[in-house]
Amino acid sequence: MIRRGELTDVAWARIMPLLPRYNGRRGRWRDLPERYGPWKTCHERLRRWTAEGTWDRILTQVQVHDDAVGAIEWVVSVDSSIVRAHQHAAGARKKGGHVAGLAGGGEALGRSRGGLSTKVHLAVDGRGRPLSILLTPGQAGDNPQLVPLLEAIRVPRLGRGCPRSRPDRVIADKAYSHPSTRAELRRRRIATTIPERADQKTRRRGRPPCFDRNLYHDRNVVERCFNRLKQWRGLATRYAKRAAIYGAEVVIAALMIWLR
């Protein structure tokens with residue numbers, strides 16, 4: 001019987017060939033059902049597959065499959081969300097694994113109004129499915145992460161050709177409204193739907209940037225994606241000391257969204 005949060009047989013059949021093969025016993029976490037085996041084995045497998053980039057490769061292959069059948073909508077919405085970090089998430093040793101989706105190094109732990117926190121930056125397609133994920137300390141600004149977030153989008157093609165990385169349009173809120181950002185997106189030939197901040201309107205010279213309010217309403221797909229991700233308690237509150245492990249948890253939850 002498929003329980004809540006578990007993969008269906010159809011979804012499992014899609015990702016099973018992408019998982020590394022290891023000899024030995026099965027594994028599970030301390031609080032996992034007994035049918036998954038010893039918790040320590042499961043934890044070591046998560047750590048090893050995270051270091052090897054297995055989860056990122058699986059997410060990429062799932063995106064490739066959907067792009068090949070035209071299921072990815074390339075109107076991309078971006079946003080961020082602050083995640084409160086439990087006190088046990090602090091104190092990791094300085095030597096640790098690297099996480100590809102980590103901006104600025106360290107363990108992506110910072111301080112905001114609520115205390116220790118991590119900020120998750122997300123770019124989703126028009127159906128609200130994650131295309132790229134970045135982690136920063138909770139106090140980090142949104143705008144500096146927009147270009148790295150877009151650069152992290154790389155969907156290879158089944159045939160010849162470079163990976164698809166340029167969206168047709170980017171939709172974002174006022175936090176991403178900056179002249180340098182708009183200039184960079186114009187240089188990349190990416191259309192934007194980003195409202196101006198009030199202070200920018202008073203200082204602006206020349207014509208205002210194009211803004212379609214009806215298109216802007218579509219930005220709610222990224223907010224709905226965050227709501228779905230935070231249904232996982234381990235994502236709504238960060239308990240993992242390592243940013244690499246927490247990032248892997250976000251990617252696994254993103255996979256669940258793509259495979260539904």
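These are legends for a few close-up views of a predicted model.

**View 1. The whole chain, for orientation.** Expect ten helices and seven strands in the protein. Of its 260 residues, 43% are buried. Among contacts with a separation of 6 or more, 64% join residues 24 or more positions apart.

**View 2. How confident is the prediction, and which elements mark the extremes?** The average pLDDT of the protein is 86, and 88% of the residues score at least 70. Helix α1 (residues 9–15) sits at the bottom of the elements with a mean pLDDT of 77. Strand β5 (residues 169–171) is at the other end, with the highest mean, 97.

**View 3. Helix α3 packed on helix α10.** Here residues 54–68 (α3) meet residues 243–259 (α10), with the axes 9 Å apart and an angle of about 25° between them. The two helices are therefore roughly parallel, since that angle is under 35 degrees. Their crossing is left-handed. On the α3 side, look for W55, D56, I58, L59, V62, Q63 and D66. The α10 side brings A248, V251, I252, L255, W258 and L259. Sorted by class, this contact has ten nonpolar residues, one polar and two charged.

**View 4. Helix α2 packed on helix α10.** Swing over to residues 39–52 (α2), whose axis lies 10 Å from that of α10 at an angle of about 90°. That makes α2 roughly perpendicular to α10, as the angle falls in the 65 to 115 range. From α2, the contact uses L46, R47 and T50. A244, I245, A248 and I252 do the job for α10. The tally by class is five nonpolar, one polar and one charged. If A248 and I252 look familiar, they are also listed in the contact of α10 with α3.

**View 5. A108, a positive phi in a buried spot.** A108 isn't a glycine, yet its phi is positive, at about 55°. You'll find A108 in the loop between β1 (75–85) and β2 (110–112). Is A108 buried or exposed? Its relative accessibility is 1%, so A108 counts as buried.

**View 6. R189, a positive phi in an exposed spot.** R189 isn't a glycine either, and its phi is about 60°. The loop that holds R189 runs between α5 (179–187) and β6 (191–193). Relative accessibility comes out at 65% for R189, so this residue counts as exposed.

Terms used: Residues numbered from 1 in each chain as written. Predicted model: local features only at pLDDT ≥ 70, side-chain atom pairs only at ≥ 80, totals over all residues. Heavy atoms only, no water. Axes fitted to C-alpha atoms, helices over the stretch in contact; angles between N-to-C directions. Helix = DSSP H or I, 4+ residues; strand = E, 2+ residues; numbered from the N terminus. Parallel < 35°, antiparallel > 145°, perpendicular 65-115°, else oblique. Left-handed = near helix turned anticlockwise from the far one by under 90°. Contact = heavy atoms within 4.5 Å. Nonpolar A, V, L, I, M, F, W, Y, C, P; charged D, E, K, R; others polar. pLDDT = per-residue confidence, 0-100. Buried < 20%, exposed > 50% of the residue type's maximum accessible area, 1.4 Å probe, protein only.
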